[in-house]
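Here are my notebook entries from a session with this structure. I kept them short, so you can follow along in your own viewer.

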Amino acid sequence: MTMELFDLPGAAGPSREALGPAAVVLRGFAVEREEALLTALERVVVDAPFRHMVTPGGFRMSVAMTNCGPLGWVTDRRGYRYAPVDPETGRPWPGMPDSFHQLARDAAAQAGFEGFVPDACLINRYEPGAKMSLHQDKDERSFDAPIVSVSLGLPAVFLFGGENRSDKPQRVRLTHGDVVVWGGASRLRYHGVMPLKAGLHPRLGGHRINLTFRRAG
Ligand code: MD3
Ligand code: FE
């Protein structure tokens with residue numbers, strides 16, 4: 001039996017799912033922009049290669065990271081912070097590509113956050129087995145702005161917890177092109193990512209990439 005056009009995943013166009021107060025998944029929102037995003041990403045990582053950072057406690061993160069935009073998130077033995085210069089190269093982080101900026105602004109507006117102007121984009125690269133333990137994002141100067149996250153490549157199980165680390169998290173599957181906007185009452189909720197399952201994505205091979213856009217400074 002032939003798969004009809006209307007049976008293809010995402011053929012109905014982007015759809016919206018509420019995860020909680022001011023936390024909304026825009027399914028497939030980035031799919032039509034994937035080529036522009038991946039081309040821009042290739043240029044960013046030439047200037048600022050992915051690296052495994054070390055936590056203040058001395059653990060090597062399983063997720064490889066880099067940044068673009070005026071500020072980048074870094075961790076080392078001295079702590080977590082946003083910095084204008086890449087500690088690996090001694091140069092400012094690469095500029096934020098227009099395609100990144102526009103996607104973040106458009107997705108935020110879809111979720112009711114008009115006028116979102118990110119000044120930091122943290123880029124996470126997961127290989128099979130890589131994970132992110134439950135944490136809060138609280139290194140930003142203000143929590144008024146939302147965080148916009150874009151998932152590309154292999155699917156992952158995202159853990160969306162509560163205000164306390166011990167709150168039982170919801171599990172949300174995020175796949176290629178899904179965009180999530182977290183703001184307001186959701187902004188400080190604990191969250192994490194389960195160990196990535198091995199697989200092969202037609203465009204990103206054996207990896208998952210996550211872009212998170214923030215107003216950090
Ligand atoms: C919910 N990244 O980089 S993005 C991170 O998929 C991070 O790489 C994950 O958590 C990833 O800090 C998840 C989704 C996300 C980002 C920020 C949030 C969810 C959030 C802030 C508050 C609540
Ligand atoms: Fe986070």
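**Entry 1: aromatic pairs.** I began with the rings of this predicted model, and my count came to five aromatic pairs. I opened the pair of Phe 100 and Phe 213, which is edge-to-face, with 6.0 Å from centre to centre and 90 degrees between the planes. I then looked up where the two rings sit: Phe 100 belongs to helix α2 (residues 98-110) and Phe 213 to strand β13 (residues 208-214), so I noted a link between distant parts of the chain, 113 residues apart. Both Phe 100 and Phe 213 are buried. I also noted a cluster in which ring pairs link Phe 158, Phe 160 and Trp 182.

**Entry 2: the iron ion.** Which protein atoms act as donors to the iron ion (ligand 2)? I found His 135 through NE2, Asp 137 through OD and His 191 through NE2, at 2.0 to 2.2 Å from the ion. Along the chain, I wrote the spacing of these donors as H-x1-D-x53-H. His 135 lies in strand β7 (residues 132-135) and His 191 in strand β12 (residues 191-193), which makes this another link between distant parts of the chain, at 56 residues apart. I checked the cover on His 191 as well: its relative accessible area is 15%, and the cut-off for buried is under 20%, so His 191 counts as buried.

**Entry 3: ligand 1.** I listed the surroundings of ligand 1 next and got 19 residues, the closest being Asn 124, Tyr 126, Arg 187, His 191 and Arg 208. Then I went through some polar distances to its oxygen atoms. From the side chain of His 191, an N or O atom is 2.9 Å from an oxygen atom of the ligand. For His 135, a polar side-chain atom lies 3.2 Å from a ligand oxygen. For Asn 210, I noted 3.4 Å between a side-chain N or O atom and an oxygen of ligand 1. How much of the accessible area of ligand 1 does the protein cover? I got 98% of the 500 Å² that the ligand has on its own.

**Entry 4: Tyr 190.** I stepped back to Tyr 190, which I placed in the loop between β11 (179-182) and β12. Is Tyr 190 buried or exposed? It has 11% relative accessibility, and therefore it counts as buried. Leaving aside neighbours within four places in sequence, I saw contacts of Tyr 190 that include Leu 134, His 135, Phe 160, Gly 161 and Arg 165. Gln 136 is also among those contacts, and I found a polar contact of 3.3 Å joining its side chain to that of Tyr 190. For scale, I took the C-alpha distance from Tyr 190 to Gly 129: 21 Å in space, with their places 61 residues apart in sequence.

**Entry 5: Ser 151.** I found Ser 151 in strand β8 (residues 147-153). It is at 2% relative accessibility, so I put it down as buried. Beyond its neighbours within four places in sequence, Ser 151 has contacts that include Leu 174, His 176, Asp 178, Arg 208 and Asn 210.

**Entry 6: Ala 22.** My last stop was a backbone angle. Ala 22 has a positive phi of about 60 degrees, although it is not a glycine. I located Ala 22 in the loop between β1 (15-20) and β2 (23-27). With a relative accessible area of 36%, Ala 22 is partly exposed.

Terms used:
Residues are numbered from 1 along each chain as its sequence is written. Chains are lettered from A and ligands numbered from 1 in the order in which they are written. This is a predicted model: local features need pLDDT of at least 70, side-chain atom pairs count only at pLDDT 80 or more; totals for chains, interfaces and linings use all residues. Side-chain values use heavy atoms; hydrogens and water are left out. Helices (H or I, at least four residues) and strands (E, at least two) are DSSP runs, numbered from the N terminus. Buried means under 20% relative accessible area, exposed over 50%, partly exposed in between (1.4 Å probe, protein chains only). Contact means heavy atoms within 4.5 Å. Donors are N, O and S atoms within 2.8 Å of the metal (3.2 Å for Na, K and Ca); water is not among the atoms, so sites may look incomplete. A residue is near a molecule or strand if one of its heavy atoms lies within 4 Å of it. A polar contact is a pair of N or O atoms within 3.5 Å; within protein, one must be able to donate a hydrogen and the other to accept it, and residues adjacent in sequence count only if both atoms are side-chain atoms. Accessible areas come from the Shrake-Rupley method with a 1.4 Å probe; for residues, only the protein chains shown count as cover. Rings of Phe, Tyr and Trp (its six-membered ring) pair if their centres lie within 6.5 Å; planes under 30 degrees apart count as stacked, over 60 as edge-to-face and the rest as tilted.
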